[in-house]
Amino acid sequence: MPDHDVAIIGAGAAGLSVAAIAASLGRNVVLFERDRMGGACLNTGGVPAQALLAAARRAAEARGGGALGIHAEGVRVDWQGVRRHVRQAIAQAAPQESGERLESQGVTVVRASAHFIAPDRIEAGGRTYGFRRAVIATGTAPVVPDLPGLVNLPWLTSETLLALEEAPRHLLVLGGGTVGVEMAQAHACLGCRVTLIELRPNILAEEDPELRLAVREALRRDGVEVLENSHVVDAERTPDGVALRLDNGALVRGSHIFFAMGHAPRPAALDLAAGGLRATPRGVAVGRDLRSPDNRRIWAAGAVADPEGLGPCGLTHAAAQHARVVARGMLHRLPARLDYAALPRLVRTAPELAQLGMTETEARAAGHAVQVARQPFAQNPRAIAEGDTEGGEAGAGRVGPPARRRHRRRRRGRGGGGAGADDGAEAAPLRPGRGHAAPRHPRGGRPACRRDGLHPAAGGRLRPPLVGAGRAPALTARRRLRRSPSATGTGKPLAWNRPSPGAPP
């Protein structure tokens with residue numbers, strides 16, 4: 001007889017969400033975590049990184065007020081004060097994801113490393129736990145390249161960078177993705193010298209080219225030396241720190257090396273073979289319902305999951321969607337499939353870069369006929385008044401000041417979409433709050449209108465059929481979308497009507 005209804009390995013964003021949902025439904029849940037509760041998002045990634053970025057943004061704003069007549073002389077960064085702010089942010093967020101809170105909800109929390117010993121059994125802390133269903137949510141770890149000369153040299157990853165006791169004198173950042181770009185700019189704004197080295201021809205290679213251009217220019221303006229299309233061949237120690245040799249023979253010197261080259265799973269400790277599971281180089285093999293095709297008792301969620309046809313995704317918004325898909329399929333036994341068509345992503349630089357769904361390049365590669373509406377902030381009265389006209393919107397992406405008014409309307413995907421179809425909408429950072437000027441039609445001079453898929457009255461937010469869209473407003477009890485009786489067969493559009501008295505929900 002199984003000891004528990006649900007066993008979860010990993011207390012990161014996805015694991016904690018599934019545990020809370022299962023416990024709220026009365027299931028007997030056991031959660032295994034060998035490290036700190038909350039995973040990377042709470043302890044080394046999202047929360048501390050955002051705290052550091054907030055400090056960097058305040059420092060940059062204090063120095064940059066001259067255009068508005070505000071002159072702050074002698075802005076000084078107290079690194080110990082910044083570290084204290086980061087620690088306080090983690091401490092204040094920790095109770096929401098603590099083991100004590102889960103235990104108060106009825107979850108059994110086991111602080112030990114867990115691994116499979118049979119398709120329906122897990123061993124942890126010298127004890128065996130039987131289960132009916134299990135979820136693997138162990139996350140991933142930073143990638144450290146096998147670089148000649150790196151042995152015996154000090155280096156940093158996202159797990160150790162924010163624990164530095166002193167500010168790095170010259171930070172060498174390897175990797176021009178989201179984490180590398182964010183940390184490069186943050187440290188530059190906090191007074192550090194920074195060199196950013198990217199192997200590919202462009203930083204933020206997955207983002208829209210015209211949007212990432214504004215980020216690259218901002219990095220250079222903040223003092224970051226950006227070296228793109230540069231391959232590091234070896235590393236060596238120098239009298240004043242470290243040095244990286246590039247493929248063109250140049251030697252880049254600095255005090256610290258920070259690897260921001262992505263993350264990879266480490267499933268060896270789980271003994272997946274004993275659990276009847278199959279591993280891929282990118283994680284645990286699952287279907288688009290996140291269920292293992294080899295052991296139907298087990299699901300995977302979060303960055304460790306490798307859904308067939310989609311691949312892994314380490315975004316926090318994706319972890320929330322994974323938790324809902326797993327809950328729907330595992331706990332309710334209802335059909336559920338992942339859909340990343342409108343998954344939001346955000347690069348927290350200054351200016352911020354946000355994208356909802358596909359970029360123009362991705363849409364064209366997928367065979368879509370694409371029109372892109374563009375709205376530069378230089379034509380926006382509020383942006384002009386605030387003296388911050390950098391960036392704008394293109395398609396379902398934007399680059400500009402932080403969008404503090406988050407788009408919180410829940411949305412439902414086309415064709416149902418299954419569980420998680422509305423995930424990420426609550427945090428989609430695409431509402432600019434600068435909707436005074438109607439965007440122009442992409443083909444000409446007339447204002448864009450609803451039949452173009454763009455609502456000027458809603459601040460230029462994209463709606464189907466333009467790039468990155470694919471969401472419709474969620475229906476509410478007081479106002480729901482009903483098809484007009486004459487619409488069928490006449491081609492008339494759907495109409496917004498109040499439900500008639502006694503109408504079925």
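A polar contact here is a pair of N or O atoms within 3.5 Å, where, within protein, one must be able to donate a hydrogen and the other to accept it. With that in hand, here are some notes on this predicted model.

1. Let me start with Asn380, in the loop between strand E22 (374-376) and helix H10 (381-386). A polar atom of the Asn380 side chain lies 3.0 Å from the backbone nitrogen of Arg382, inside the 3.5 Å cut-off for a polar contact. Is Asn380 buried or exposed? Its relative accessibility is 0%, so Asn380 counts as buried.

2. Next, helix H7, which covers residues 209-221. Its 13 residues reach 19 Å from the first C-alpha to the last, close to the 18 Å expected at 1.5 Å a residue. At the start of H7, Asp208 places a side-chain oxygen within 3.0 Å of the backbone nitrogen of Glu210. After the helix comes Gly223, with a positive phi near 100 degrees.

3. Which residues of H7 are buried? They are Leu211, Arg212, Ala214, Val215, Arg216, Ala218 and Leu219. These buried residues pack against helix H6 (178-189) and against five strands: E9 (193-197), E10 (224-227), E21 (352-356), E23 (392-394) and E24 (397-400). If you have the model open, this is a good place to look at how H7 sits among its neighbours.

4. One of the buried residues of H7, Arg216, deserves its own point. Arg216 counts as buried because its relative accessibility is 10%, under the 20% cut-off. Beyond its neighbours within four places in sequence, Arg216 is in contact with Asn202, Ile203 and Glu228. The side chains of Arg216 and Asn202 are joined by a polar contact of 2.9 Å. As for Ile203, its C-alpha is separated by 7.6 Å from that of Arg216, and the two residues are 13 apart along the chain.

5. Turning to another helix pair, H1 (residues 13-24) and H8 (residues 316-331) have axes that come within 8 Å and cross at roughly 35 degrees. The crossing is right-handed. On the H1 side, the contact is made by Ala13, Ala14, Ser17, Val18, Ile21 and Ala22. H8 contributes Ala319, Ala323, Val326, Ala327, Met330 and Leu331. Sorted by class, the contact holds 11 nonpolar residues, 1 polar residue and no charged ones.

6. Some backbone geometry is worth checking by eye. Most residues other than glycine have a negative phi, and most peptide bonds are trans. Where is the cis peptide bond? It joins Ala350 and Pro351, with omega about 10 degrees. Pro351 has its place in the loop between strand E20 (344-347) and E21.

7. Two non-glycine residues with a positive phi are also on my list. For Asn229, phi is about 55 degrees, and the residue lies in the loop between E10 and strand E11 (232-238). With 54% relative accessibility, Asn229 counts as exposed. For Leu290, phi is about 65 degrees, and its place is in the loop between strand E17 (283-286) and strand E18 (298-300). Leu290 counts as buried, at 0% relative accessibility. So the pair divides by accessibility: Asn229 is exposed, whereas Leu290 is buried.

Conventions: Residues numbered from 1 in each chain as written. Predicted model: local features only at pLDDT ≥ 70, side-chain atom pairs only at ≥ 80, totals over all residues. Heavy atoms only, no water. Helix = DSSP H or I, 4+ residues; strand = E, 2+ residues; numbered from the N terminus. Expected span 1.5 Å × (residues − 1). Buried < 20%, exposed > 50% of the residue type's maximum accessible area, 1.4 Å probe, protein only. Contact = heavy atoms within 4.5 Å. Axes fitted to C-alpha atoms, helices over the stretch in contact; angles between N-to-C directions. Left-handed = near helix turned anticlockwise from the far one by under 90°. Nonpolar A, V, L, I, M, F, W, Y, C, P; charged D, E, K, R; others polar.
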